[in-house]
Amino acid sequence: MHHAHIDPKEQAAQWWATNIIKMSPGVIQFHGYPIQDLIGQLSFTSMIWLMLRGDTPTATQESLLSAALMAGVDHGPQAPSIAIARMAISCGVGINNAMSSATNVLGDVHGGAGEQCLELFQCIQKRLDQKQPLEDAIQLELEAFFAQGNKYVPGYGHRFHPIDPRSQPLMKLLQDAEQAQATVGNYRAIALGVEHYLYTKKSRRIPINIDGATAAIYGALGFPPALCRGLFVLSRSVGILAHAWEQSQSSTRNKGPIPKGWLWSYTGTDTRDLEDE
């Protein structure tokens, strides 16, 4: 059978085919927009949107995304990602090593709650789209969620903050954006409805936290759950960079996880003699 001859140059061009960027000598375009038209016109936040979505956000969408990214930048050196950045830089590595070491721990447990929370919100949203009442949709999804052996709902409660100071302002901005019709779905109602359901079930308030608030925002802006985590990594990278830089100005070398002179608890076998074996 005769195969049409494929031009090797065309084959190479197809290898990394992308609709994100067009680049050739003197030309850089993102989703069709020349870079020289974007510089000074498009904010960094809007650029994130353009790169991920292929178009530019409205002013309301841009400011809501910006607020969500800004709110999650840092939570102090007790957050493993920040501590790791500081320890890494004290080992004499470059700032890129410290940043990548830190972002590498932003997984399912540390940093993944937003993604998991949005997945749950989207299941509830699907039921609403099928005209189920909000309370029923929340009850059915959460009953199934707990029946699978889950002990707590990602995006609610916080081990440090009785009320997360970041949640309220974000939820208010989401409300404003909804009123301006800049969002999709019923994510604010879902997020608050889940909070209310938990209150009735546990008879104590388990307030929405930063992960829950940003999950509601990213969902309302039309981002899929997996991008929730990616956006959190972008956000927390700012804090990671700041802490890595601050630590690099200190003369402390090989900074470990506990202060000098302190030791860990040894829980193994007592001292023994090889001969006695």
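Trainee: If a salt bridge is a side-chain nitrogen of Lys or Arg within 4 Å of a carboxyl oxygen of Asp or Glu, how many salt bridges does the structure hold?

Mentor: The structure holds seven salt bridges. Bear in mind that this is a predicted model, in which local features need pLDDT of at least 70 and side-chain atom pairs count only at pLDDT 80 or more, while totals for chains, interfaces and linings use all residues. Residues are numbered from 1 along each chain as its sequence is written, and side-chain values use heavy atoms, with hydrogens and water left out.

Trainee: Okay, which residue does Glu115 pair with, and how far apart are the closest N and O atoms?

Mentor: Glu115 pairs with Arg229, and their closest N and O atoms are 2.7 Å apart. The two residues come from distant parts of the chain, since Glu115 sits in helix H7 and Arg229 in helix H12, 114 residues apart. Helices here are DSSP runs of H or I with at least four residues, numbered from the N terminus.

Trainee: And which residues are linked with Glu115 in a network?

Mentor: Asp108 and Arg229 are linked with Glu115 in a network of salt bridges.

Trainee: Is Glu115 buried or exposed?

Mentor: Glu115 counts as buried because its relative accessibility is 14%, where buried means under 20% relative accessible area, exposed over 50%, and partly exposed in between, with a 1.4 Å probe and protein chains only.

Trainee: What about Arg127, which residue does its side chain meet?

Mentor: Arg127 meets Glu141 in a salt bridge, at 2.8 Å from N to O. Arg127 belongs to helix H7 and Glu141 to helix H8, so this pair ties together parts that are 14 residues apart in sequence. Glu141 counts as buried, with a relative accessibility of 15%.

Trainee: One more pair: what is the partner of Arg166?

Mentor: Arg166 forms a salt bridge with Asp164, and the closest N and O atoms are 2.9 Å apart. Both Arg166 and Asp164 are buried.

Trainee: Back to H7, then: which of its residues are buried, and what covers them?

Mentor: The buried residues of H7 are Ala113, Gly114, Glu115, Cys117, Leu118, Leu120, Phe121, Ile124, Gln125 and Leu128. Their cover includes helix H8 (134–147), helix H10 (187–202), H11 and H12.

Trainee: Switching to empty space, how many cavities of 30 Å³ or more are there?

Mentor: There is one cavity of 30 Å³ or more, and about 110 Å³ of space lies in the largest cavity. On a 1 Å grid over the protein atoms alone, a cavity is a set of points where a 1.4 Å probe fits but cannot get out, a pocket is an open set with protein on both sides within 12 Å along at least five of seven lines, and lining residues have an atom within 4 Å of a point. Points are joined across faces, edges and corners, and a volume is the space filled by probe spheres set on them.

Trainee: Which residues lie nearest the centre of that largest cavity?

Mentor: Of the 13 residues that line the largest cavity, Asp211, Thr214, Tyr218, Cys228 and Phe232 lie nearest its centre. Helix H7 (113–129), helix H11 (210–220) and helix H12 (225–248) are the elements that give two or more residues to this lining.

Trainee: And the pockets, what volume does the largest one have?

Mentor: The largest pocket has a volume of about 730 Å³. It is lined by 28 residues, and the closest to its centre are Val109, His110, Gly111, Ala113 and Asp211. H7, H11 and H12 each supply at least two residues of the lining of the largest pocket.

Trainee: What about the second largest pocket, which residues are nearest its centre?

Mentor: The second largest pocket, with a volume of about 290 Å³, is lined by 15 residues, and Lys255, Gly256, Pro257, Ile258 and Pro259 lie nearest its centre. Helix H5 (residues 80–90) gives the most to this lining, with three residues.

Trainee: Last topic, backbone angles: what is the phi of Lys131, and where is this residue placed?

Mentor: Lys131 has a positive phi of about 70° although it is not a glycine, and its place is in the loop between H7 and H8. Lys131 is exposed, with a relative accessible area of 74%.

Trainee: And what is phi for Asn254?

Mentor: Asn254, also a residue other than glycine, has a positive phi near 45°. Asn254 lies in the segment after H12 and is exposed, with a relative accessible area of 56%.

Notes. Contact means heavy atoms within 4.5 Å.
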